[in-house]
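Let's look at how the parts of a protein model sit against each other. Have the structure open while you read.

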Amino acid sequence: MTDSKLDTDDIYEILKSRIIHLEYEPGQVLNEVDVADEFNMSRTPIRRVFQLLHGDKLLNIVPRFGAQVTPIDFKQMKHIFEVTRELDPFAARLAVERISNDNLVELEEIISRLKSYDINKDYQNAINDDERFHDIIFTSCGNPWLQEILTSLHYHTERLWHYCEQYFDSIELFSHTLGKVLEAIKEKDLDKAEKYAREHIDEFVLKIKKEML
């Protein structure tokens, strides 16, 4: 049992992270009572958290049964990538003219780290840096509606990254096109930023198709 003063938002972030990082496996059943006991809370806030995660499509609510972590459904992932393939590049395009110097410096630091990683030892770090790179782009696009949509979609793409760890044998899938996105942003080239952001998604999808489908 966790003895803390966590609120509903805290529990939501903890459970969401567990789902994305596969600490809760796809298809696993979560029981309100068990989760409430773990965090020393009543069932009411846990039920609210479950509803929020259901809204993110990370949990399926089963009446009188509990909640089930959503399976990784490749048909649904195809739909998600159809959307991110259009919106991620658009966010990158907007970020070219709106990104702050501090965020640009952080992108440079991320690319530097990615290039130094060993895929066999640092895969999880690479995923974290990949997502941080995208978070900065989404924040820097200056459009809160677009940021919210993409952040929600990336819960699912990040979970797929974790799920597919065994199939990736090169850090270049992370560093190559993201490095090109960074250079395009630094050059203030809207078209190239958009192009390379799309290529980053396409390379990942192609790898998944080759290895798993």
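## Two helices and two domains

In this predicted model, four residues of helix α1, namely Tyr12, Lys16, Ile19 and Ile20, touch Tyr155, Glu158, Arg159 and His162 of helix α7. Sort that contact by class and you get four nonpolar residues, one polar residue and three charged ones.

How do you describe a pair like this? Two packed helices are described by the angle between their axes and the distance between those axes. Here, the axes of α1 and α7 come within 8 Å and cross at roughly 45°. That angle is neither under 35 degrees nor in the 65 to 115 range, so α1 and α7 count as oblique to each other.

Now zoom out to the domains. According to the domain assignment, the protein has domain 1 (8-69) and domain 2 (74-212). Here's what each one brings to the contact between them:

| Domain | Residues in the contact |
|---|---|
| Domain 1 | 11 residues |
| Domain 2 | eight residues |

Taken over C-alpha atoms, the centres of the two domains are 27 Å apart. Together, domain 1 and domain 2 bury about 850 Å² between them, and 63% of that is on carbon and sulfur atoms.

Which three residues supply more of the area that domain 1 buries against domain 2 than any other three? They are Ile20, His21 and Leu22, with 52% of that area. You've met Ile20 already, in the contact of α1 with α7. As for salt bridges, the count between domain 1 and domain 2 is zero.

Technical notes: Residues are numbered from 1 along each chain as its sequence is written. This is a predicted model: local features need pLDDT of at least 70, side-chain atom pairs count only at pLDDT 80 or more; totals for chains, interfaces and linings use all residues. Side-chain values use heavy atoms; hydrogens and water are left out. Axes are lines fitted to C-alpha atoms, for helices over the stretch in contact, and angles run from 0 to 180 degrees between N-to-C directions. Angles under 35 degrees count as roughly parallel, over 145 as roughly antiparallel, 65 to 115 as roughly perpendicular and the rest as oblique. Contact means heavy atoms within 4.5 Å. Ala, Val, Leu, Ile, Met, Phe, Trp, Tyr, Cys and Pro count as nonpolar, Asp, Glu, Lys and Arg as charged, and the others, Gly among them, as polar. Domain bounds come from an automatic or database domain assignment. Buried area is the accessible area (1.4 Å probe) that two parts lose on being put together, summed over both. A salt bridge is a side-chain nitrogen of Lys or Arg within 4 Å of a carboxyl oxygen of Asp or Glu.
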